[in-house]
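Me: I would like a close look at one part of this protein, followed by a connected account of what surrounds the other parts. Please take it slowly and explain the terms as they come up.

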Amino acid sequence: GYDLMENLTSLFEGGETEHDKLVRQNFYALIGDMVSENYFGQISQWCEANGTNGSGHLLLEEELKYHVGLYGDVLKCFREMSYPGIDVLQVYPDSFTANQAGVCGTMLGAKFASSMAKWYHKKTVMAELCPVSPDANAWENDPKYVENAIGLMTMAYFGGINHFNSYFTVKSPADGKKLNSYTSRLGYMLDGAENDTRVAVYYPVETAQANYTFTHKNIWTPMPKLDTLNNKLAELSNKLLGAGVDYNFVAEKEITEAALTDGGLEINGNRCEMLILPYMEVIPLSVIEKINRAAEQGMTVIWVGDSADAKPTMGTSEAEHDAVAAAIAVHGGTMGIDSAVASAKGILSSKNINTLEAYSASAPNGIYLSKYISKAGSNVYFLVNATGADLADVSLVAPGKRFALYNPLSGKVTEV
């Protein structure tokens, strides 16, 4: 450690030297430890020791700059919660999936929470659904409000949410039955199922911490570097999901504590066979060393950045920098988002990891696909039309496999 009092200018004045960035990264990593352990951790431990569970929704869990400014590291906090939780205030499916800055309730926010539930076998991820933004009356007076609610529930379930505290209101028993029937059918199919997605995206919190500086204004103050980082992460998420490549976030703890296995990593019994590393300036030495060992076991590693050499140049201490550079040097070039997504999709297909693929000529990037293992042990594929329009040309390909298609709107099963 070192004396923070001698480095306050790095926190408050936003210097751009490596030393300034390291001070900020180290400081906010410590804040993340303290907040997660002493607040979220203590609450959950007390609840679990007394026959219940700790949950609730975090504030502004959607964007990286809020993760740093409010928590130090939001994944550390979700990791400590019995039921990780988010809130959704703009309850429209297109708002949820767009991942735009300033929206309260997004796919990214859901993924941050549900990823920690996946890796640590937490059975429940909670969301508060409260249609107050931008205008509750406008939402309730929309003639398609039930369809919007159903669309939102679909996307939230896809994002890993499975427990809802809902403030939805319905105008008739028929509307209530339609919404509740759909939600219960979808929930029943996924009850007790384990997400079997084997693609992970690294949570670039060290880079966000290194570039976060105190502001004398408020938490909404634009921070160009962090805003750009978050927008790039949102774009990557959107395009991965649109290409049928589901993922979960991992951070330092998941990587370094994972077991090496044939094909990559095993995180508490969950396999990771592809790791995507987006727009990183800082990476802990322990992480890149473990990544290299996993790559030797067959894990696919994809670096995403704005130029071919846009990889991390810093560790989390000055003593790590040279070793980080040497460890990264064994990797190939960095890809742009479109190339990275195409590469990920092609590699997954060639490895036959999902065993089922979905296609639509009219909407090649409009079908979300995720794989689950049901509580009975069978494969369950969650398919979502994310286009907002009817698709009549969807084809499902599963060589050598038979499957049944379940429609939660009607409750009907079709043998395919």
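Where does Leu60 lie, and is Leu60 buried or exposed?

Reply: Since this is a predicted model, local features are given where pLDDT is at least 70 and side-chain atom pairs count only at pLDDT 80 or more, while totals for chains, interfaces and linings use all residues. Residues are numbered from 1 along each chain as its sequence is written, and side-chain values use heavy atoms, with hydrogens and water left out.

Leu60 lies in the loop between α2 (18-49) and α3 (64-71); helices (H or I, at least four residues) and strands (E, at least two) are DSSP runs, numbered from the N terminus. Its relative accessibility is 8%, and Leu60 therefore counts as buried, where buried means under 20% relative accessible area, exposed over 50%, and partly exposed in between, with a 1.4 Å probe and protein chains only. The backbone of Leu60 deserves attention too, with a phi near 55°, a positive value in a residue other than glycine. Most residues other than glycine have a negative phi. Tyr279 also has a positive phi, near 50°, and is placed in the loop between β10 (274-278) and α13 (285-296); at 14% relative accessibility, Tyr279 counts as buried.

The strand that precedes this second loop, β10, leads to the sheet. Four strands form an open sheet in the order β6-β5-β10-β11, with parallel pairing; two strands pair if DSSP finds at least two bridges between them. At the edges are β6 (248-250) and β11 (300-304), each of which pairs on one side only, and the average twist from one strand to the next is 30°. The pairing of β5 with β10 rests on 3 bridges, with Ala200 standing opposite Leu275 of β10. On the side of β6, β5 is again joined by 3 bridges, and here the bridge partner of Ala200 is Asn248. Between β10 and β11 there are 5 bridges, and Leu275 has Val301 of β11 as its bridge partner. One helix that packs on this sheet is α15, which touches β5, β10 and β11 and whose direction makes about 170° with that of β11; contact means heavy atoms within 4.5 Å, and angles run from 0 to 180 degrees between N-to-C directions, with axes as lines fitted to C-alpha atoms, for helices over the stretch in contact.

In a regular strand the side chains alternate between the two faces of the sheet. For β5 both faces are covered, with Val199 and Val201 buried on one side and Ala200 and Tyr202 buried on the other. These four residues are among the contacts of Ile276, which also include Leu236, Leu240, Ile302, Val304 and Ala344, leaving aside neighbours within four places in sequence.

Ile276 is also, together with Phe78 and Ile283, among the residues with the most contacts inside the largest nonpolar core, which has 106 residues; a nonpolar core is a set of buried Ala, Val, Leu, Ile, Met, Phe, Trp, Tyr and Cys residues joined through side-chain atoms within 4.5 Å. Helix α8 (residues 145-158) gives the most to this core, with 10 residues. Apart from it lies another core, of 5 residues, including Leu356, Tyr381, Ala398 and Phe403. Phe403 is also one of the contacts of Leu396, along with Glu357, Ala358, Leu383 and Leu405, neighbours within four places in sequence being left aside. Leu396 itself belongs to strand β15 (residues 394-397) and is partly exposed, at a relative accessible area of 26%.

Returning to α15 (residues 337-351), this helix packs with α11 (residues 224-242) at an angle of about 35°, with the axes 10 Å apart. Lys232, Glu235, Leu236, Lys239 and Leu240 in α11 meet Ile337, Asp338, Val341 and Ala344 in α15. The residues of this contact divide into 5 nonpolar, no polar and 4 charged, where Ala, Val, Leu, Ile, Met, Phe, Trp, Tyr, Cys and Pro count as nonpolar, Asp, Glu, Lys and Arg as charged, and the others, Gly among them, as polar.
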